[in-house]
Amino acid sequence: MLNQEKENVLLDSEFEHTAVPLEHRKSFASVSAVWYSFPLVLTSAVIGGVVTAMLGFKMGVAAILTGNLLLCLIIGSLSYLAGATGENFAISAKRTFGQRGYVIVSGLLATVVIGWFALMVGLTGDIMFRSFGQNLLIMTLLGGVLYVAATFIGIKALAILGYIAAPLYVILGLTAVYFAMENGSSDIINYQPAIGAGVLSFGVAVTMIFSTFTDSGTMTADFTRWAKNGKQGFLAAFTAFPISKFFAEVIGAIIVATGVILHPEVTGGDFITILADAGPLFSVLAIILVFVNLGVGCTHCLYNGAVGWSHITNGKMRTLTIILGVIGIIVALTGVWNAFQTWLNLLGLIVPPIAAIIIMDQLILKRKHDESKKWQPLAFTSWILASCIALVVNAYTPYLSVVVAGLVSSSIIYFIGHQICKNK
């Protein structure tokens, strides 16, 4: 009994299978720290820099803002639902996709997000190797083990990491901007595409910005179910989208616009090298930033995956954290960083319609569901058709945004389908 009490103090219940009781909900500061720290990662600076390198500064920032506002609309709506119900994504998906149907949706997202975990574990080793000459294998393993250990603690650790990582990114990001402008051009507003105009369209850039968080964003309920109510759930998401993600990506955009990055269309606004070249003190701070900052991204993704699969398998979040963490580390050692663009394209195609269907179903239409129903055909039909439309858009009009096509088409199809079903 004594050991059980100690475990309860150190490791809070994660409520994998039920809604979070009101007495266990977290403060707004804690829930928002979990979210606003998530986009303040180096990958955001990379993407913001890549978009700017291909569109120029003005168009690049416009695409960054547009993508973030779309994320605010979608993730904010889902977060409002989560704060109101206290339910994680898997439980919420049951209502819209059915008691068995949700397994396909939740399983897909909980698996893909482990790909993001593996990607960022691999990125940890890659940055430490390129910027500091450290052993790639050892740094990848070290990062992976640390991130799994932090996730094992649970939502409490994610909030604590957020309190540390966010100010560290802001301070060192702005410092990198200062060094970049000192050594490069200060005329960032007039920066033109580095590799020629027309290589990347505005619509594709918006898809890239949105897709970096479309998976964990759709699973936002895993984080914002801890909010005290729907309003706080929405506001917690708002601190991340558009505020912190826009800031993180504009940091990368400014650094690229100074001209100090040699191949910005590839490395984007990765500013670790800038800090590493600024002296021993900044080198040490940069190393800390790599592990803390990417640790935030990795722990969030692994937490999403563990909560999702624990509900599907009727297991424990911490058990799944270890299993999925080991799998992710192994995948990271295969060089998954090289498949970064492929992940973005995949997510931009098939995931956004899921979020739009849940919002349309539970927030806008507020449909009454038969909780015993194993499958909800309308939800799956809308998802499949919207994904096909997005695929057609991607194949025949690649300059348009696949994300927008998926979101709009799934919403319309689901709404029309609902009206037909209601009339019958």
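These legends accompany close-up views of a predicted model.

**View 1. The largest nonpolar core and its best-connected members.** Welcome to the inside of the model. This core has 139 residues, and those touching the most other members are Phe 89, Phe 97, Phe 117, Ile 255, Phe 271 and Leu 289. Helix α6, residues 101-132, supplies the largest share of the core, with 17 residues.

**View 2. The surroundings of Phe 89.** Beyond residues up to four places away in sequence, Phe 89 touches Val 105, Ser 106, Leu 109, Thr 218, Met 219, Ala 221, Asp 222, Ile 354 and Ile 358. Phe 89 is itself one of the buried residues of α5, the subject of the next view.

**View 3. Helix α5, from cap to glycine.** Follow this helix from its N-terminal end, where Asn 88 acts as a cap: one of its side-chain oxygens lies 3.2 Å from the backbone nitrogen of Ala 90. The helix spans residues 89-97 and is mostly covered, with eight of its nine residues buried. Among them are Ser 92, Arg 95 and Thr 96, along with Phe 89 and Phe 97. After α5 comes Gly 98, which has a positive phi near 105 degrees.

**View 4. A nonpolar patch on the surface.** Here we move outside. Phe 28, Tyr 80, Phe 234, Leu 235, Phe 238 and Ile 243 together offer about 490 Å² of accessible area. Four residues of the patch, its largest share, come from helix α12, residues 230-257. Ile 243 lies in this helix; Ile 243 counts as partly exposed because its relative accessible area is 47%.

**View 5. A cis peptide bond in the region of helix α12.** Have a look at the bond from Phe 241 to Pro 242: it is cis, with omega near 20 degrees. Pro 242 is placed in α12.

**View 6. Ser 283 in helix α15.** This serine sits in the helix formed by residues 280-313. Ser 283 is classed as buried because its relative accessible area is 15%. Apart from neighbours within four places in sequence, its contacts are Phe 132, Leu 275 and Ala 276.

**View 7. Two loop residues with positive phi, neither of them glycine.** Asn 314 has a phi of about 60 degrees and is found in the loop between α15 and α16. With a relative accessible area of 62%, Asn 314 is exposed. For Lys 366, phi is near 50 degrees. Lys 366 belongs to the loop between α18 and α19, and it counts as exposed at 61% relative accessibility.

How values were computed: Residues numbered from 1 in each chain as written. Predicted model: local features only at pLDDT ≥ 70, side-chain atom pairs only at ≥ 80, totals over all residues. Heavy atoms only, no water. Core = buried A, V, L, I, M, F, W, Y, C linked by side-chain atoms within 4.5 Å. Buried < 20%, exposed > 50% of the residue type's maximum accessible area, 1.4 Å probe, protein only. Helix = DSSP H or I, 4+ residues; strand = E, 2+ residues; numbered from the N terminus. Contact = heavy atoms within 4.5 Å. Patch = residues over 30% accessible without salt bridge, like charges linked within 9 Å, V, L, I, M, F, W, Y side chains within 5 Å. Areas by Shrake-Rupley, 256 points an atom, 1.4 Å probe, with all protein chains shown as cover. Salt bridge = Lys/Arg side-chain N within 4 Å of Asp/Glu carboxyl O. Polar contact = N/O pair within 3.5 Å; in protein donor to acceptor, adjacent residues only side chain to side chain.
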